[in-house]
Amino acid sequence: MQRRSRLIWGFLLVVSAAWILLGTFFTSEHYDGGNLGQELSREIQSVGGEAEIGALAELPLPVFFLATGLPIALVALFLLWRGRKRGSASASVDPDSGLRRQALLVSILALLFAVFLWNIREAPGQAAPQANTDIVTATLSPLLWPVRLFVTFIHEAGHSMAALITGGQVKEFTVSPNGSGLAVTAGGDPALILPAGYLGAALFGSVLFYLTSRHPYLTRGLSVFLGLSVIILTVAFARPDQAGNFTANVIGIGFGVGLVALGWSAPDIVNVFILNTLALLTGLNAVMDVSYLVRHPDAGIGEIMNDAAAFANAYTPLLPASVIAFIWSAVAVLMLGAAVYFGLLKQVGGEISEAVNGKN
């Protein structure tokens, strides 16, 4: 009977999580141009109007999926955890297992929260992105704007680190308020420097999510390390852009000090939630940035070509920039997907398997 209950709660957990994640994705503008989401919104408004439930008719789709799926997921997780705790009460327990299980729950919450934030968009009427930018910024909500700028900071830092690793020099890098950025390097290997922006940001988000989810006891030190690293990069290389905006300096110092304070004073679980949310938002932004180049291979900043176009022009004359961007996009998706699978889903599968089989 106990195994059957665990199987039921595990099944409900998987179904509710899939409801939230797949529902928010397939009804967002990232899938089919948002047509499916518009149709579902009309259906919800119709049902809400017939039932005279005004709140239902006005409910945004991300909130709808979150509100209907999250309570079931939390209840299933709690009951699954309680049943397993009772079954292993008399056995020896790894001293870190409690933190790992809490971190597993928090990682799931961070994943849901990141997807929720990612699907919050500006109200209709927002200006379209300018043709000379290689990053989609106009549809992001103000809540995500600092993260958008932080992703650009990581993007330019990726170019800079690749230049240093390959024996080159970094003169400066900038971040502009519209989300664009520029890294000025000398020497090094351009074949590695050019893709290191988009793929570096995706790798940063993927590795951060994996480490935080798999090793939650390291998160406080990881926050301090990341914060200090960002501050050092800011002081060493961040400079005002051509318009005199100190965006890179403000974002670097702000996030750096915030991460140090987070690791210094916040509990492990708070670090897990914030770092995982930041990692997922960074990874999602990086994936969407490089995916944007697949559809707009001629995008750039003024007369400066985007990274994919510059790479294609220098190294793959037979492959257009859109193909290079598609390859980078696929690699970024694989990295983020692997981080979510090995950092979260595999652990959830292990917990469910142990609960079903009655293992301690």
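Let's start at a hairpin: strands β1 and β2 are joined with 5 residues between them, and Gly 179 in the turn has a positive phi of about 95°. This is a predicted model, in which local features need pLDDT of at least 70 and side-chain atom pairs count only at pLDDT 80 or more. Residues are numbered from 1 along each chain.

Strand β1 covers residues 169–175 and β2 covers residues 181–186; the two pair in the antiparallel sense over 6 bridges. Strands here are DSSP runs of E, at least two residues, and helices are runs of H or I, at least four; pairing takes at least two DSSP bridges. Along the hairpin, Val 175 stands opposite Gly 181, while Thr 174 has Leu 182 as its bridge partner.

Next comes helix α8, residues 198–214. Its 17 residues should span 24 Å at 1.5 Å a residue, and the end C-alpha atoms are indeed 24 Å apart; the expected span is 1.5 Å times one less than the number of residues. Among its buried residues (under 20% relative accessible area, 1.4 Å probe, protein chains only) are Tyr 198 and Leu 199.

Both of these residues are in contact with Trp 328, where contact means heavy atoms within 4.5 Å. Other contacts of Trp 328 include Val 290 and Phe 311.

Key:
Side-chain values use heavy atoms; hydrogens and water are left out. Buried means under 20% relative accessible area, exposed over 50%, partly exposed in between (1.4 Å probe, protein chains only). Lists of a residue's contacts leave out its neighbours within four places in sequence.
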